Amino acid sequence: MQSGSAIIAQRTDSGTADEATTNGGAMGNKTAKGETSDTAEIRALADAAGYDVVGEVTQNRVEDSKYQFGRGKAETLAERVETSDAGNVIFDNPLSPQQTYELGELCPDGTEIVDRYRLVLEIFSQQAGTRRAKLQVELARLQYELPRVRAEIRLEKEVANERRSRNGPGEKEDRRVTDIKDRIDRIKSKLDSLSDVGDRRREKRRDQGFDLVALAGYTNAGKSTLLRRLADDMAFDPNTHDDLHESAAAEDRLFKTLETTTRRAEIQDRRTLITDTVGFISDLPHWLVKSFETTFTETYEADLVLLVADVSDPLTELREKLYTSLDLLDGDAERIVTVLNKADRVSDSELAERVSGVSDLALNPVAVSTTENDGIDALRERIADELPEWETDRLTLPNTGETMSLLSWLYDHARVEAVWYPSESEEVVVEFAANSAIAERATVKADAISA
Ligand SMILES: Nc1nc2c(ncn2[C@@H]2O[C@H](COP(=O)(O)OP(=O)(O)OP(=O)(O)O)[C@@H](O)[C@H]2O)c(=O)[nH]1
Ligand SMILES: [Mg+2]
């Protein structure tokens, strides 16, 4: 038995986020009157894409191959669309190309049939701001289209064969497929070159003594808000750090963040760069997740991942979201600290219940309220604890100008613990702690001075 649901919706004029925003409470236990929790997430997604939802139709039964719903339900849906005068039907589940076609035939002329994947693509393309995000969305869209175009060609061929037509679709349609494939290849190679840039940038940042922290988690968990809370207000040189932005946009809306934003934060005495990433959601197809690979790479290659979750979600939902997030992180992330955010929305006993209820998924989670600035200091301590240990090193150098400039380089890139000038010698001794890249470079520099 599978449950299917569809919502009937109307595009708002602007199609933009702001006007369509309701609170993200559209999810889970916070459902408004008249909507079932079954449709909460698809409603929130529709809202994020700029639709006004005017009704819903749900059914519990085995999926029907023609309409996804059984015929009776599909007809009810079509009638409801007719009377509500809405132009869109949005299915929570993916639809096959045939189902999309059949539903289009059944509903009033001009009704747009949208499924979950297409809806997510719509949101993504509205949100994509940077070149990389645009390319990723375009890649996802082409990958969505490819099997559909293939199916369309198959259907056309069948129809042509039935009519015994001699001029059935041939080369021309095949070209539609090759066109899409060519575009996919081109976009992939562009993205590859952009991710090389990302690799080099990450390398360089480690060399500069930064620890890399990534924020990950379900959409609307509060990642961008937390980034702003943790970050220093320091402006960065846009020439060397072209993905560092003053702000990470936060809004109570699904998929607000579609590209990575990195900001600098001093955590205890560690200089970190914290990167905000695209939010997760369940039931996303593999190709869609893959198209955001460059975003995920930031997460995999970070020294530490903060997995943010909304602790005010009911326990089952919280568990599902954590599970989805961990699954997407795919065991690749080395160190994960789970942050249970929005603690201000639950009572102490509810919080305790959630913490013990997720103990198999999240060991020692940190509960915080980002908006109330509660628990943030404890989180900072925890981050500092979990970052890879710094090496402690001692260098003995001649007391020269070159040594002084190495010393000032160390002040910039490491934590200088002590400097002393042993009497009876013309030497300087410096003791410092640093990440391995910095410690290695310091040794190389010191060797050059002593040689
Ligand atoms: N009550 C409460 N609300 C919070 C807290 N932290 C964030 N929020 C709200 O949650 C909503 C979502 O926050 P974002 O920071 O945009 O969430 P996100 O995880 O970046 O979302 P995506 O970019 O879509 O993945 C916003 O309305 C925030 O104001 C918190 O500690 N308590
Ligand atoms: Mg965000």
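Q: How many helices and strands does the secondary structure of the protein come to?
A: In this predicted model, the protein has 15 helices and 13 strands. Buried residues account for 39% of its 451 residues. Of the contacts with a separation of 6 or more, 73% join residues 24 or more positions apart.

Q: In what order do the strands of the open sheet of 6 strands lie?
A: The order is β6-β7-β5-β8-β9-β10, and the pairing is mixed. The edge strands are β6 (261-267) and β10 (366-367), each of which pairs on one side only.

Q: In which sense do β6 and β7 pair?
A: Strand β7 (residues 270-276) and β6 are antiparallel and share 7 bridges. Within this pair, Arg263 stands opposite Ile274 in β7.

Q: In which sense does β9 pair with β8, and in which with β10?
A: The pairing of β8 with β9 is parallel, over 6 bridges, and Val308 stands opposite Val339 in β9. The pairing of β9 with β10 is also parallel, over 2 bridges; here Leu340 stands opposite Ala367 in β10.

Q: How should the two faces of a strand be read, and which residues of β9 lie on each side?
A: In a regular strand, side chains alternate between the two faces of the sheet. For β9, Ile336, Thr338 and Leu340 are on one side and Val337, Val339 and Asn341 on the other, and all are buried. Because 6 of the 6 residues of β9 are buried, this strand is largely enclosed by the rest of the structure.

Q: Which strands does helix α8 lie across?
A: Helix α8 (residues 223-230) lies across β5 (211-217), β6, β7, β8 (304-310) and β9 (336-341), and runs at about 155° to β7. Helix α13 (residues 376-386) also packs on the sheet, where it touches β5, β6, β7, β8, β9 and β10. The direction of α13 makes about 170° with that of β9.

Q: How is the crossing of two helices described, taking α11 and α12 as the case?
A: The description combines an axis distance, an angle and a handedness. The axes of α11 (residues 315-329) and α12 (residues 348-357) come within 10 Å and cross at roughly 40°, and α11 and α12 are therefore oblique to each other. Their crossing is right-handed.

Q: Which residues make the contact between α11 and α12?
A: Leu315, Leu318 and Arg319 of α11 meet Glu353, Arg354 and Gly357 of α12. By class, this contact of α11 with α12 has 2 nonpolar, 1 polar and 3 charged residues.

Technical notes:
Residues numbered from 1 in each chain as written. Chains lettered and ligands numbered in written order. Predicted model: local features only at pLDDT ≥ 70, side-chain atom pairs only at ≥ 80, totals over all residues. Pairing = 2+ DSSP bridges. Helix = DSSP H or I, 4+ residues; strand = E, 2+ residues; numbered from the N terminus. Contact = placed C-beta atoms within 7 Å. Axes fitted to C-alpha atoms, helices over the stretch in contact; angles between N-to-C directions. Buried ≥ 20, exposed ≤ 12 C-beta atoms within 10 Å, placed from the backbone. Parallel < 35°, antiparallel > 145°, perpendicular 65-115°, else oblique. Left-handed = near helix turned anticlockwise from the far one by under 90°. Nonpolar A, V, L, I, M, F, W, Y, C, P; charged D, E, K, R; others polar.
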